Amino acid sequence: MLNHSHITHRPLTALLATFASSLVAGLGAAAAHAQTSIVVAENTAGNGAVSTFTVGGGAAPVRRITGSLTGLSSPEQIAADRSGNLYVANSSGSITVYAPTATGNVALLRKIAGSPPGLGGGVFGIAVDAAGDVYASNHYLNSITEYAPGANGNVAPIAVIAGPR
C-alpha cells in the first residue's frame, strides 16, 4: 500500500517499468520474461492475443494465449511477477492474469475489472513490484491504481495516484 516511504520509490518504479516496456515494445507492447523469452501483446481486430517467443528461437511463438476463454480485450502491455504469472493491461478497462505456461484458449487465473477498481477504459500500462502489488496506468482517468497481491474481481484499489484532469 502507498505511504510516505513508497511515494518516492514504488510509483516511480512502476512508471519506469511501464516506460521501459513501452520503449521495448513501440506500439506492439512487449516485455522481457525471465531473460529467455519475449512476451508480446497483440492488440489486433477482435480480442487480440499474447504470444511468447524464445530469444534466438525463430519467428514462431512457443506459446500463444488467444480465444474466448482468455478474457483478453485489446491487450496493450504485459508484466510478470516473481512466479512468472503474466499480467496483461487490456485497454478496454481490465487486467487479466495468466499462469506462466498458459497457452491456447485458456481460462485466466484472475481478472480485475468493474467500477470500483478505478480502471475505466484505457488501461495501457502495467507493472508488478517485488511484493506482488500491481500498478495500472489509466489513460482516460489520468491516474495510476495500485492493487494488492492476488486482487481479483470487482475490487477497489489499495491506492490511487491521480493527476490533474
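Q: Which exposure class does F124 have at 30% relative accessibility?
A: The model is a predicted one, in which local features need pLDDT of at least 70 and side-chain atom pairs count only at pLDDT 80 or more, while totals for chains, interfaces and linings use all residues. Residues are numbered from 1 along each chain as its sequence is written, and side-chain values use heavy atoms, with hydrogens and water left out. Buried means under 20% relative accessible area, exposed over 50% and partly exposed in between, with a 1.4 Å probe and protein chains only. At 30%, F124 therefore counts as partly exposed.

Q: Is Y140 buried or exposed?
A: The relative accessibility of Y140 is 57%. By the cut-offs, exposed means over 50%. Y140 therefore counts as exposed.

Q: What kind of aromatic pair do F124 and Y140 form?
A: Rings of Phe, Tyr and Trp (its six-membered ring) pair if their centres lie within 6.5 Å; planes under 30 degrees apart count as stacked, over 60 as edge-to-face and the rest as tilted. By this rule the count is 1 aromatic pair. The ring centres of F124 and Y140 are 6.3 Å apart and their planes stand at 70 degrees, so the pair is edge-to-face.

Q: How many residues apart are F124 and Y140?
A: Helices (H or I, at least four residues) and strands (E, at least two) are DSSP runs, numbered from the N terminus. F124 is in strand β9, whereas Y140 is in the loop between β10 and β11 (143–147). The pair links distant parts of the chain, with a separation of 16 residues.

Q: Which strands stand at the edges of the sheet that holds β9, β10, β11 and β12?
A: Two strands pair if DSSP finds at least two bridges between them. The sheet is open, with the order β9-β10-β11-β12 and antiparallel pairing. Two of its strands have a single partner strand each, so one side of each is left without a neighbour in the sheet: β9 (123–128) and β12 (159–162).

Q: What is the average twist from one strand to the next in this sheet?
A: Axes are lines fitted to C-alpha atoms, for helices over the stretch in contact, and angles run from 0 to 180 degrees between N-to-C directions. From one strand to the next, the twist in this sheet averages 15 degrees.

Q: Which residue of β10 stands opposite V128?
A: β9 pairs in the antiparallel sense with β10 (residues 134–138) over 5 bridges. Within this pairing, the residue of β10 opposite V128 is V134.

Q: Which residue has its backbone nitrogen 3.0 Å from the side chain of D129?
A: D129 is found in the loop between β9 and β10, and its relative accessible area of 14% makes it buried. A polar contact is a pair of N or O atoms within 3.5 Å; within protein, one must be able to donate a hydrogen and the other to accept it, and residues adjacent in sequence count only if both atoms are side-chain atoms. The side chains of D129 and Y135 are joined by such a contact of 3.1 Å. The backbone nitrogen that the side chain of D129 reaches at 3.0 Å belongs to A131.

Q: How far apart are the C-alpha atoms of G122 and H139?
A: G122 lies in the loop between β8 (110–112) and β9 and counts as buried at 0% relative accessibility. Contact means heavy atoms within 4.5 Å; beyond four places in sequence, G122 is in contact with S91, S137, N138, H139 and Y140. G122 and H139 are 17 residues apart along the chain, and their C-alpha atoms are separated by 5.0 Å.

Q: Which residue of β4 stands opposite V50?
A: β2 (residues 37–42) and β3 (residues 49–54) pair in the antiparallel sense over 6 bridges, with A41 opposite V50. β3 is also joined to β4 (residues 63–65) by 3 bridges, again antiparallel. In β4, the residue opposite V50 is I65.

Q: By how many degrees are neighbouring strands of the sheet β5-β6-β7-β8 turned against each other on average?
A: This open sheet has 4 strands with antiparallel pairing. Its edge strands, β5 (75–80) and β8, each pair on one side only. With direction ignored, the average turn between neighbouring strands is 20 degrees.

Q: What is the mean pLDDT of the protein?
A: pLDDT is the predictor's confidence in each residue, from 0 to 100. Over residues 1–32 it stays under 50, whereas 75% of the residues of the protein reach 70 or more. The mean pLDDT is 79.
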